Amino acid sequence: MGEYRSTRGEKPPETSSEKKHRLFRNTVRILIFGVVVVLLGVFIKVPRRVPASGYATTFPYSEVRSSVNGTIQSIEVSSGDVVKVGDVLVRLYDEAEKAALQRAEVEPKRAESELEARISQYADEVRSHSNAVQIASLSLEYAKRRLGITKQLLEKGLASSRDLMSDEHQVALNEMQFNQLNDRDISAGLRQIEALRRQLEAAKAAVRSAKADLETRVIRAPSAGRVLRHTFYVGELARVDQVLYEIFGDEERLVRLRVPERYATRIVQGLPIRIQFRTAKRFARRNWVKGEVFEMRSAIQAEGNNTYRVIYCPYEEPAFDVPPGTTADAEILIGKTSLWRLIFDD
């Protein structure tokens with residue numbers, strides 16, 4: 001092969017061995033770069049955060065629901081009102097429950113009157129029986145004494161055998177009457193009184209049950225605070241699964257967050273959390289508010305196809321106002337993980 005010559009000073013073309021050497025060097029460099037990237041992705045630890053969403057709330061906090069399905073008759077409290085424990089919030093139609101209570105209240109009076117009458121009657125029966133036993137006892141005693149006298153007179157010839165037989169018969173008759181009266185069981189009256197007492201207690205229990213049913217038609221505040229009324233109207237059916245009010249206290253500010261079920265087992269008390277409230281999104285940068293996991297509900301809840309676990313987190317006082325009910329997005333720090341695991345692992 002001849003020599004390569006150039007009049008413009010270009011480099012001579014690579015030989016076959018030079019091309020192979022350059023390809024080898026580039027391949028080695030790519031492999032080294034790839035190994036370095038992989039090692040960096042394995043050994044560089046980055047924070048692992050779990051997403052959550054919810055809203056600002058307070059402690060104490062209550063969700064108010066009806067304990068029974070019923071039609072709303074009146075609405076006593078509106079959003080923003082301050083209530084105390086036990087204040088009436090909503091009344092449901094209760095005509096049927098009131099009628100049932102009126103019917104139930106009649107029965108204890110009837111049962112009590114019947115019980116008093118039976119007790120009085122039984123007392124008369126006891127007195128009559130006691131008097132009859134005493135009279136029978138006196139008659140028997142008299143008959144025995146008369147028989148004794150008749151025997152003495154018979155021995156002296158002053159009485160006949162017929163008198164003796166008559167007196168013996170009278171003693172036997174009086175003794176039989178005394179034994180019958182003495183053995184008579186008057187406890188049936190006590191059993192009747194006990195049965196009437198049970199009927200009276202059952203009637204009183206029915207009244208208490210009717211009052212409890214009537215009370216379920218009145219929805220009261222379970223805690224004190226300021227209320228947030230959800231959308232419902234007079235004449236609408238209030239369901240047991242429907243939140244009618246939320247009550248926010250003023251002792252402590254919290255956020256109530258929903259954590260997807262797939263992350264639920266990684267959440268423990270005390271984990272740090274950063275929160276972004278929607279009221280702060282008007283600023284150019286993200287305004288994170290620090291907090292920590294304080295309380296977790298053990299039950300997994302569902303809403304449609306989404307399952308989640310509810311947690312409560314206190315947070316530092318931010319520089320801006322956060323009214324209860326403000327929507328919040330949060331990230332919970334559950335530890336550190338490698339860069340590759342963070343990218344590819346769920």
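Let me begin with the largest pocket, which has a volume of about 260 Å³, and I should say straight away that we are looking at a predicted model. If you follow the wall of this largest pocket, you will find 15 residues lining it, and those that lie nearest its centre are Gly225, Arg226, Phe248, Gly249 and Asp250. Where in the fold does this lining come from? Strand E1 (45–65), strand E6 (225–229) and strand E8 (243–260) are the elements that give two or more residues to it. As for the character of the lining of the largest pocket, seven of its residues are nonpolar, five are polar and three are charged.

Now please turn to the second largest pocket, in which there is about 190 Å³ of space. Here 13 residues form the lining, and the closest to the centre of the pocket are Glu63, Arg65, Arg256, Arg258 and Glu303. Strands E1 and E8 come up again, since each of them, like strand E12 (301–303), supplies at least two residues to the lining of this second pocket. How do the residues of this lining divide between nonpolar, polar and charged? Five of them are nonpolar, two are polar and six are charged.

Finally, let us leave the pockets and look at the surface, where Phe24, Val28, Ile32 and Val36 together make a nonpolar patch of about 350 Å². To find this patch on the structure, you can start from Ile32, which has its place in helix H1, the helix that covers residues 16–43.

How values were computed:
Residues are numbered from 1 along each chain as its sequence is written. This is a predicted model: local features need pLDDT of at least 70, side-chain atom pairs count only at pLDDT 80 or more; totals for chains, interfaces and linings use all residues. Side-chain values use heavy atoms; hydrogens and water are left out. Patches are made of residues with over 30% relative accessible area and no salt bridge: like charges are joined within 9 Å, nonpolar side chains (Val, Leu, Ile, Met, Phe, Trp, Tyr) within 5 Å. Accessible areas come from the Shrake-Rupley method with a 1.4 Å probe; for residues, only the protein chains shown count as cover. A salt bridge is a side-chain nitrogen of Lys or Arg within 4 Å of a carboxyl oxygen of Asp or Glu. Helices (H or I, at least four residues) and strands (E, at least two) are DSSP runs, numbered from the N terminus. On a 1 Å grid over the protein atoms alone, a cavity is a set of points where a 1.4 Å probe fits but cannot get out, and a pocket is an open set with protein on both sides within 12 Å along at least five of seven lines; lining residues have an atom within 4 Å of a point. Grid points are joined across faces, edges and corners, and a volume is the space filled by probe spheres set on the points. Ala, Val, Leu, Ile, Met, Phe, Trp, Tyr, Cys and Pro count as nonpolar, Asp, Glu, Lys and Arg as charged, and the others, Gly among them, as polar.
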